[in-house]
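Q: I should like to learn how to read aromatic contacts and strand pairing in a structural model. Could the discussion begin with the rings?

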Amino acid sequence: MGLRMNSMRKSACHSLCTLTIISAEFAGEALNLLMDVLNDDSMFVRLEALETMLHMATYGHLKVQGTHMHMFLGTLLDSNTLIRSATRRILKLVKLPNIELFRLSFDSLIENLEKHPQDEADIFSVLFHTGCNHGKFVVSTINEASEEIDQASEGKLGFDSTRVAALLVLAISAPLSHGEHFCSIPPRIFSYAVTLLGRISRALTDIMDQNALLAYLSQCSISTTFSATELNIRRGEPCLPVANIEIPNDSSNEINGSTRTSLQQEKDGASELQSWTMREPLELAAPLGGSQVEVHDEVMKPINLILAKVKDIWSSIHSGFTNEVLRTLRNFKEELATFTSDSVGTIGAVAFTLQYLQVIKQLAKVWEHFLPAKKLCSSGLGELDLVLGKLDMRLRELRSTFTGLSKEQELQILELVLLTCTLRLCKVEICCHFATLKKLSTTVSRVESILKSATIEPTIFISEVGKLLCLNETSSSEASCNPFMFKELLKHFSLSQFVLCGRLDQIKAELTIPDNDSENPLPFVSRLPVGIPCDITLHNTSNENKLWLKMSMDDESTQFVFLDLNLYGSSDKVRKFTYVVPFYKTPNAISFTLRVCIGVECLFEDVLSVKKYGGPERELTYLCQEKEVHLSMISAH
């Protein structure tokens with residue numbers, strides 16, 4: 001009986017669908033019936049009712065009233081994915097009569113996003129389409145919420161806040177509204193949206209690709225008042241006014257054809273209308289003179305916006321909101337992963353920023369151990385030592401694998417090194433205080449050298465570290481290791497904003513072992529040296545760099561081989577060569593596996609107190625992933 005009733009209700013909805021398409025007057029009466037059906041226990045019946053409403057919206061016959069909206073929007077919280085999706089497709093098309101219903105819809109979409117975060121891309125798409133259909137409501141809503149968005153930009157909420165992210169998506173739709181009004185949304189709002197570039201672009205693939213979105217947001221961020229016809233998006237050489245970006249009418253039959261944008265181009269005094277698909281890749285600048293600089297600048301803007309947000313989350317780190325900080329950093333990392341430009345200096349800037357995010361991630365984890373409420377057990381102390389080690393390693397990578405850093409940027413990195421040393425010296429349980437004090441002294445010397453050579457004012461933290469170091473050098477050894485004195489220094493630290501400008505290059509390496517895998521091992525004779533053929537590509541190295549090949553069979557059997565770069569050409573940006581590396585410690589075994597990688601010696605580090613024979617004098621930073629080399633003993637016949 002239940003199945004028969006379900007079938008009857010589905011058939012009734014289907015009949016209503018046909019009638020509502022024919023008659024707009026009948027559609028108004030049918031809507032009351034459909035709202036009742038949305039309460040049905042059967043998912044199939046509810047879905048049929050929503051499909052009927054979608055057809056009504058497609059033909060412009062869906063006139064929703066306040067009495068309907070609560071019931072209708074309640075389906076956005078349905079446990080069934082198909083129901084939620086059908087409701088959102090209707091919202092893309094429906095025209096809301098007043099701002100109250102518009103805001104009610106917005107709040108319901110926020111609830112949907114908070115309860116079902118996996119729906120984010122589709123919800124962002126709905127917000128964008130809804131905004132395009134209700135430009136005046138968007139402008140009013142965003143202007144009222146601008147203070148809330150600005151607070152997020154100051155680090156009080158964070159752009160990972162569900163509501164703030166939704167507001168930004170809504171805001172950027174306003175200039176593309178089909179209305180005749182001018183958009184008066186503050187340009188800074190569009191700058192904030194750049195920090196969500198990847199997440200937003202994934203939601204708008206039916207309208208524009210990521211490069212087009214970045215160009216659009218960049219232009220909107222420098223304009224105060226404009227209409228849709230005044231926006232420019234660059235494609236190839238010309239910079240052309242966008243006459244109209246057609247927002248597709250979503251329907252149950254999906255979008256017919258590709259979304260197209262009409263561009264008006266003046267050529268030889270004549271007007272030539274060009275149509276082209278927004279899905280095609282858009283370049284941010286002309287591929288002619290100066291284009292590399294323009295592309296570089298366009299990409300550096302969102303990178304520096306992300307770096308500005310990293311500074312803003314320091315208060316959250318200091319307050320112990322570690323999980324929220326790590327989630328925000330993950331979002332920033334995802335945004336950076338979407339930057340595809342290969343222009344001069346941009347690849348290095350993206351790589352540097354990703355590495356800097358790793359430093360802040362480890363710093364957040366370390367800082368958690370220094371909060372008043374944090375009580376460390378023995379395993380906690382071991383964890384702290386481990387995380388401090390990772391922080392040290394990340395900072396070494398920043399200092400040794402990037403070229404082109406300014407004095408100010410180097411000073412900011414050195415301040416983080418001083419902070420790491422201070423954090424180590426705060427804990428009496430952590431060993432190696434002498435080595436840490438020595439590193440602190442060496443770093444302070446380098447800081448003083450930079451301050452003398454450039455007109456830069458030291459931060460309060462740097463000044464206080466220098467004062468304490470001078471005091472300790474004239475006092476007893478016991479006083480120099482007083483953890484309380486170093487803990488007091490932490491009160492003076494505040495994360496400075498990192499600003500990237502100019503060109504950064506990353507020192508890196510590529511290593512391959514040709515024609516070698518577990519099925520094709522290299523032959524060797526036990527106890528005799530064996531040559532390992534290595535195809536090596538080096539990027540942005542100079543002859544002053546000290547590079548080493550590290551070969552490890554296990555923790556006890558490690559061999560280093562020095563790479564003399566003077567033998568492999570001049571200091572080109574890219575050097576490629578093949579080097580047969582001798583490995584002397586072949587075991588008495590049928591087969592074995594070597595792990596090989598390339599590292600650069602950190603010349604700014606102190607000489608190691610214990611050095612393996614023939615190996616590097618200082619710590620190494622590795623420039624590539626380890627490669628496995630498979631070897632098999634030659635059979636005797």
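A: The model is a predicted one. Rings of Phe, Tyr and Trp pair if their centres lie within 6.5 Å, and by this rule the count comes to 12 aromatic pairs. One of them joins Phe352 and Phe498, a tilted pair at 5.2 Å centre to centre with 45 degrees between the planes.

Q: Which parts of the chain does the pair of Phe352 and Phe498 tie together?

A: Phe352 belongs to helix α16 (residues 346-367), whereas Phe498 lies in the loop between α22 (483-489) and β6 (505-506), so the contact links parts 146 residues apart in sequence. Phe352 and Phe498 are buried. Tyr356 also forms a tilted pair with Phe498, at 5.2 Å centre to centre and 55 degrees between the planes. Because Tyr356 lies in helix α16 and Phe498 in the loop between α22 and β6, this pair ties together parts that are 142 residues apart in sequence. Tyr356 is buried, as is Phe498.

Q: Which residues form one aromatic cluster?

A: Trp314, Trp367, Phe461 and Phe493 do so.

Q: Where does the charged end of Arg399 sit?

A: It is placed over the ring of Phe604, 3.9 Å from the ring centre.

Q: How should a sheet be read?

A: Strands of a sheet pair through backbone hydrogen bonds, in either a parallel or an antiparallel sense. Here, 3 strands make up an open sheet in the order β7-β9-β12, with antiparallel pairing. The edges are β7 (508-512) and β12 (574-583), each with a single partner strand, so one side of each has no neighbour in the sheet. On average, neighbouring strands of this sheet are turned by 30 degrees against each other, direction ignored.

Q: Over how many bridges do β9 and β12 pair?

A: Strand β9 (residues 530-539) pairs with β12 over 10 bridges, in the antiparallel sense. Gly531 stands opposite Pro582 in β12.

Note on methods: Residues are numbered from 1 along each chain as its sequence is written. This is a predicted model: local features need pLDDT of at least 70, side-chain atom pairs count only at pLDDT 80 or more; totals for chains, interfaces and linings use all residues. Side-chain values use heavy atoms; hydrogens and water are left out. Rings of Phe, Tyr and Trp (its six-membered ring) pair if their centres lie within 6.5 Å; planes under 30 degrees apart count as stacked, over 60 as edge-to-face and the rest as tilted. Helices (H or I, at least four residues) and strands (E, at least two) are DSSP runs, numbered from the N terminus. Buried means under 20% relative accessible area, exposed over 50%, partly exposed in between (1.4 Å probe, protein chains only). A charge sits over a ring if NZ of Lys or CZ of Arg is within 6 Å of the ring centre and within 35 degrees of the ring normal. Two strands pair if DSSP finds at least two bridges between them. Axes are lines fitted to C-alpha atoms, for helices over the stretch in contact, and angles run from 0 to 180 degrees between N-to-C directions.
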